[in-house]
Every structure is written in structure tokens, then in C-alpha cells.
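Thanks for making the time this morning. I would like to walk you through a structure that will be new to most of you, so please have a look at it first.

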Amino acid sequence: MSHEAALHNHEGHGHDDHGDHEHHDTFLTKYVFSQDHKMIAKQFLITGMVWAVLGGLMSVLFRLQLGYPDASFPWLESILGKWAKGGQITPEAYYALVTTHGTVLVFFVLTAGLSGTFANFLIPLQIGARDMASPFLNMLSYWFFFTASIVMLSSLFVETGPFSGGWTAYPPLSALHDASPGSKSGMDLWIIAMALFVVSSLLGGLNYIATILNMRTKGMSMTRLPLTIWALFFTAVLGVLSFPVLLSGMILLIFDRNFGTSFYLSDIYVNGVGALSNEGGSAILFQHLFWFLGHPEVYIILLPAMGMVSEIMSVNSRKPIFGYMAMLGSLFAIAILAFLVWAHHMFVTGLNPFLGSVFVLLTLLIAVPSAIKVFNWLTTLWRGNIRFTPGMLFAIGFVSLFISGGLTGIWLGNAALDIYLHDSYFVVAHFHIVMGVASMFGMFAGVYHWFPKMYGRYLNNTLGYIHFWITIAGAYMIFWPMHYQGLAGMPRRYFDFSIWESFKQFAELNRFISTVAMIVFAVQILFLINFFYSIFKGRKVTVQNPWESNTLEWTTPIRPGHGNWPGEIPEVHRWPYDYGKDGHDFIPQTTPVGADETGTH
Amino acid sequence: MSLYLSVAIIVLIFVVIFQIAKASEYVSILKGEEASRQQNNKINGFLMVAFLVLGFVGIYICNKAYYGKTQMAQGAASIQGEKVDEMLFVTLVITGIVFVITQVLLFWFAYKYQEDKNRKVFFFAHSTKLELIWTAIPAIALTILVVFGLRNWFFFTGEPPKNAMVVEVTGKQFGWIFRYPGKDAIFGKKYYKNIDPATNSVGIIWDDKYAQDDILTEQTMYVVKGTPVKLIIGSRDVIHDVGLTHFRLKMDAVPGIPTTMWFTPIYTTKEMREKTGNPNFAYEISCDQMCGNGHYSMKGVIEVVDQEEYDLWMAKQKPQYFTAFPEKDPSAVPVAKADSTAKATTAKM
């Protein structure tokens, strides 16, 4: 359906017959090839959850190896076969698990699962549009993601194993079939999956940008947008500008792998094969192309979480978000800086030291907008009237984790410290806290907060509280001690530390971390049970606006159909953060500004 | 069997938690939304402070248990390392202060401003003054760190002193090869197509007159205490990384693009063994860049010795040229042969 047709369709349905529309849907058009942004959002969410479980399970498996390097678990052999001969994960399987865990969590869960879900779900609902600018492209975006998922999944079953060279896929390791078994056909499938993923994310991103710029309802000026939408907007811009660079890097890699070119290869002698004929390429070129996406990618993951946290925090503090314009400005600053710091991942590649110093400066500059955001969140809580919904708890948890992980970024962004800490467990701790767990918390906050809108039912509160408290305590118990391992110089991506005099002193700590990781994983299963049970059997939502929120999505019916509003799309008269103003607990965006109201935003 | 049992127990725990959660939902419906919300707020508000306090206790315990096992406790073994440690300390203090203030405020505010029917929220949407303050303060703190950091960075990446000895390090899957320039102090040229794992593991061009006294060793590198060492780093196959934990430095080994790094060791291996009380202490070179399935076992060792011991060791080394061409070796032939077969086996590993 073209944009035009979709528009006419909605106009045609206009006032009364919108409910009928649903009856024309077959199972296939409603649940599978749906063009309703809400259904596509749910598809992204549930596919993302499947990947999160798989990726999480992989981390449990390799943590098992790190925690119990000498133990043997016969059941592992029955699951993994030759990858766990004698009940012990092989190095090959270990590296495949680590690599797939990274790829899947970064791209399939925290990019597609997070911004795919909430950009689709929230953009039309919060800006007051009936659907995306192009519902058809939107549907394609999901199905490209689905295809990418299938290809990635199939790479796990290749005889020589899935790709095992780390999620960053640096050549020559990823380019040479003979350098590692995982670099054979597993790597080809990995690249194809990533290419399909990039297409998906571009189709989605262009759609999000077009929708936000063109389809806002009457009165919804850009500065009246909820911060969620602003965050999703910058996320989409980052994705559209940086993913093509990754794609180009991948294409060159395909050429090097299969067609004998030398973009990344030079002066190589492979054990057992001999000297290769490739000359004149630069292995570092790939790293530039990769990190030109790779760093913005961090913010593609983080910004949607920031946006949702700002919104959820304001709603549940019953208080306006502090410094709306500063929040917006800092999002903008982060988005710009995201493109100017990629080489801080490459301080120890032999980068020109002067260039390195420029990247140090720009990298540490990111701490300024980040600090503004943190202090603004704190001020939002100050003298508020806080309701601890599970969504709010996860939002507070996000801020705590963002502080903890953000501060260690100041260590790593300084080249003179990075030269020691680079690729150690300190880095693992840093990015898991600030990007992994924090964004996951943003995603949980979003799911708990908008679940009633998605399914017309509530999630179970008690399970939500248990989920939150165990997860935040567990996350800190897993990743906090890793800073100490990093300060001991312990390198990441090591299968076994017992042969190292310098690193073997942490065997007991590794066991502790692995145990906590398993518990935290089990608690996520509890969340899944809550999620799927509540879709069908949860307590029904009976009020239109359960969180007493100002934004437009809560002016739709409890279970909105395709087109979102049965009648006219509401008109907007104010910004979304009039909480506690002039003695009113909240004033929805659709309420006209009263004559006696004090200054508006 | 024990697997099934533990799965059964986990499922049982899930069922119990789930039933409790459902029951509490019914209770809250009976109590009314308002009342159950108040109760939830109280419990979670309390948990916020509890988490804050227990969190700091946890940090204390963690620090006590593990600080002694980090490199910081042991101290750095190079002049560069001492600068890194000093900088780590300054950064820790600055970020530590911010960490404590912000986390305390976060959880304290959450507790203090939990919902209270009688509180009127403060409609506070904006304050240019406050926003300027928390733009300026981080900017100043960061300027300090940047200035400090860049001074060290340019020192680390700058030219080593003139008296530095030079060693070439080559990474391969999965081990390290070291080349010393020999008496002429100049490395012979090399070309990767000349590589022969048995006799010429880095591809030296033997016709080059500077090449014939070059010395190759594997796995262990000897350097002199107090003498700066400049490493010229390369790789034979994929990207590796020369990770020198005790000297607090690392640098990638990239095929086709040589990189450099220099450091001045300040303790011999023997002194470090006494200092750490660990008779097995070694300056290990860890590969810090994912390089394949043997990545975790790609270990090299640096022996830091005094000049005298170094000279003795060096005197025992035979130029690689004589291993490649035993017939040209003026000294005993059988030793060279035994040596070359040993090399061949290690190279195949």
C-alpha cells in the first residue's frame, strides 16, 4: 500500500466505520504481513526477545567455561555435540558463542529489538499519526530483519561452525578462510545476515525520519514532541548515516574473502598455507569503516533508552522533565559527537598520535552532554511525587547504570589509560554496564510502561518488582568486579586463564560471576513468563490513561485499531510535560491553554 | 539426572513465585488501586535506600577482596607504567567523587520524594543557571584529565631516548618471534614471501648485508633493566596485540603495517619475583587482540635482566643466517642442526 493509498484509506474510514476495518483482516494480514505499525512493533519486540534469550543463553554457556574451566558437564555434550566434547566447551565453540552473543545482542536485540519496537510503536502514537509514512516499507523493514535472523541462525548450524572472530570481525582473521574454522562459510552467512540487517535498519530509519518530520498532528510543533520521539529521531538519523558505511566495509570484505581483492590484506603468511599473493591493502581500513558505524551504533542503542527514560521519569515523578531544551540539545550534541569519536576504539592500532589526541579531546567532550542529562534526570526526581511502577524502577536503574558505566568511559577515552586498559575486562565491564545493561533497562522500562497500550492488559507488578531488584543487583555483581580484573590487565576473549601467571588469581571470582549470571538469566525467564502470560491473562486495562500521562498515545482507545484514533486525530495545544502545573496533577497535550494559566513552555 | 532435578527445582521455584505474584495482584485489586500503590511505593522507596547502602558495602567488600590482586597493588614495572598508575589514580578520584554524589542523590531523591498525598510537586521545568553550572563543572574536570592524559600520551608515543635498544616483534598464530639486529645494530630487510617456518620465520632477505648477523628467538625476549627498549611490531598473519600488562602498555601487531612502542623497564624479573613474593612471576606478553582459536594461549615472556646477564645471553645467540645455511657456520655444526629441528616443530604449532 502506498503512502497515498494508506492516507485515503484512513480518511475514508474517518469517523464511524473504523472498527469494521479489522474484520476484513485475515490472520495473515493482521499478524504476519501486517502494515499496522503497532503490530510491526510487536513483531520486532518478540523477535528481539527470542534473540535476547538465545544471546543470553550463549553468555551463560561461555560463563560456564570461564567459571568452571576444569569441570565437565556431560549434558553440554548432549546439547552441543562435538562443540563440547567430553562435556567441556571447546575453544572454537567458546569463541563462536562470544562472537554470536556480541553480534546478536548489539544488532538484533538492542538495535532492532529496542528501536525497532519503540520507534514503530511510539512514533505514530505520540506524534498523532495514523501510521508510518510508508507502512509497506515498514513491513519490509521487519521482514528483512526476519530474514537476517534466519540467516544468522542458520550460520550456527554450519559444519565448520559460526563465525568466531569477535563481533567486530576484524580482517585478516575474518577475511582468511584458513585463519580460523569460523572464518569459512560461517563468516559468509554472518556477512549476509548483517547486510540484510543493514537494509532493514535503513528502511526503518528513513521511515521514522519521514514520519516524524511530515506527519505530526495539528499543533505538534517540533518542540512539543515528547523526548522519546526526539531520541528516536536522532537514533534514526545516526543509523541512516552510519549503517551504509558498515555495509560498504562488509562488501569490501566479501570481495577480499571470495574474489581475491586486497582491500584489507597485505604481507600475509598463513600457517599451513604459505604466503598469500595479496599486497598493498590495509587491515586498519576495515576498522575505520567498522567503527564509523560502530561508535554511532552505541548511541543508536542508547538514545532510545534515554528518550524513554526521560518520558517515564517525568510521568512517574508527576513533574515536568527538567530542562527540556537542554535535554534536546544534549541529544543533538551526542548525535554529532557520535560521528567524531570512532577512532577511540583504535588508539593502539598504531594510529598517528596527533590524530589520537584529537579523538581523546572529542571523546571526553561527550561527557559534557552526558553529565547534563544525568543532572537533569536527578533534578526531575527532586521534589517530585514519585510512583514506583516497574517502568519507573527500570528508568531509575537506567540512570544509575548510565552513571556507573559512563564514568569509566572517561578512563577509556583517555588514550594514555586506554593503552593499558584496551581490550581488557575493564572494557567489558564498561560497555556492558553503559550500553548493554543500561539499554536493556531502558527497554524493560519501555515494555513495562507501554505494555498496557500494546495489549490492553497490565503486566504483573510483583513479578516486575522481583525482576527489577534481582536484575539490577545481579548486573552490578556481575560487572563491578570485572573492573578489578581489567585493572589486573586480564584480556577479554580468553578461553582459559589458568596458564597465565598474571591472570589466574581470579578463578574464584569468575565462578562467582558465572553463578550470578545464571541467576540473572533465570530471572529474565520470569519476565518472559510474565510477558506472555499477561498478553492473554493479565489484568485488563479499564481506564484509557492508566499512568495519568499527557502524551497522545493515551488518548486512543484502550485497544486501538489500525489507524489509532477512531475519529479525528486530536489537536495538540501544549508540550507534553505539564505535570503539577497550577495545581493540576497533569494536563494532557490535547487540553487547550487556559486563559489564566501561567507561562507555557 | 542431577540436571533434570535442578531443572525441576527451578521450575518449581518459578511456579511458586508466579503464584505468589498472582495472589498479590488479587489482594491489590481487593485493596483498591490507591492503597496498593501506596504500599508498593513504601516498599520500593525503602529498597532504594537499602540498595544504596548495601551497594556501597558491596563496593567496599569487593575492593577489599580484589584490590590486592590487581596490578595497582603490585606497582608498575616501567617508567611509563608509573605514569599510567598515577593517572589512573587521579581519574579514579575525580570520577569517584562524581559517582558517589550522583548515585547518592539518585537513590536518596527516589526515596525522599516517593509519593505522598500531601506533597505539592514543585513545577520546575528549567533553570539556565543550574544548567550552566553542570555544563561548566564537567568541562573543567575533563580539561584537567585531557591535559594530563595527552601529556602522557605524547610521551608514550613519542621518540624513545637515543640509547634505546631495538627489538623487532612479530606475532603469528599463536606465538611470538623476536629479532635482534645483531652487532651492526641494523635489521636486515625482509619480505613476507621469503618466510620459511623452519629456518626463516620472519622472511629475512639473506642477500642484504645487514641481515646476516640478525638473531631470531621465539617466545622469550631479553631486555636490560634501565635501558629503554623500542619494539618494532608486526604480524605474519592476522592482527595480534603485544600486551605488556606489567609495563602498562600495548600495541597492535598488524600485517603489512609496522607499529612501534617503547618502554623502560625498572625492575629485573628477579627483583619482581622478590617484590611480589611470587617465585613464578614472569613478565608475560599477552595477545590482546582476537586472533583465532589459540588466542588465549598466545603467550610470550620478557626476561628483564641486568646488563651483564644480557651480554652473557647475547653471546650465546647464533645469527639465524647460520641456522638457514649451516654449511656457512664457522662453529660447531651439529648444535645448529638440533636447533633448527627444534625451531621447525615449534613453528608448526
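In what order do the 5 strands of the open sheet in chain B stand? Bearing in mind that this is a predicted model, the order is β4-β10-β9-β6-β7, and the pairing within this sheet of chain B is mixed. At the edges of the sheet stand β4, residues 220-224, and β7, residues 249-253, both of chain B, and because each has a single partner strand, one side of each is left without a neighbour in the sheet. If you ignore direction, neighbouring strands of this sheet are turned against each other by 25° on average.

Let me stay with one of those edges for a moment. The strand β4(B) runs parallel to β10 of chain B, residues 299-305, and the two are joined by 5 bridges, with T220(B) standing opposite V301(B) in β10(B). Packed on the sheet here is helix α7 of chain B, residues 307-316, which touches both β4 and β10 of chain B and whose direction makes about 140° with that of β4(B).

Now to the contact between the chains, which takes 101 residues from chain B and 105 residues from chain A. On the side of chain B that touches chain A, several elements each supply at least two residues, among them the helices α1 (2-31) and α2 (33-66) and the strands β6 (240-244), β7 and β9 (283-287). Which element of chain B gives the most to that side? That is α5(B), with 16 residues. Sorted by class, the side of chain B that touches chain A has 52 nonpolar, 30 polar and 19 charged residues.

Terms used: Residues numbered from 1 in each chain as written. Chains lettered and ligands numbered in written order. Predicted model: local features only at pLDDT ≥ 70, side-chain atom pairs only at ≥ 80, totals over all residues. Pairing = 2+ DSSP bridges. Helix = DSSP H or I, 4+ residues; strand = E, 2+ residues; numbered from the N terminus. Axes fitted to C-alpha atoms, helices over the stretch in contact; angles between N-to-C directions. Contact = placed C-beta atoms within 7 Å. Nonpolar A, V, L, I, M, F, W, Y, C, P; charged D, E, K, R; others polar.
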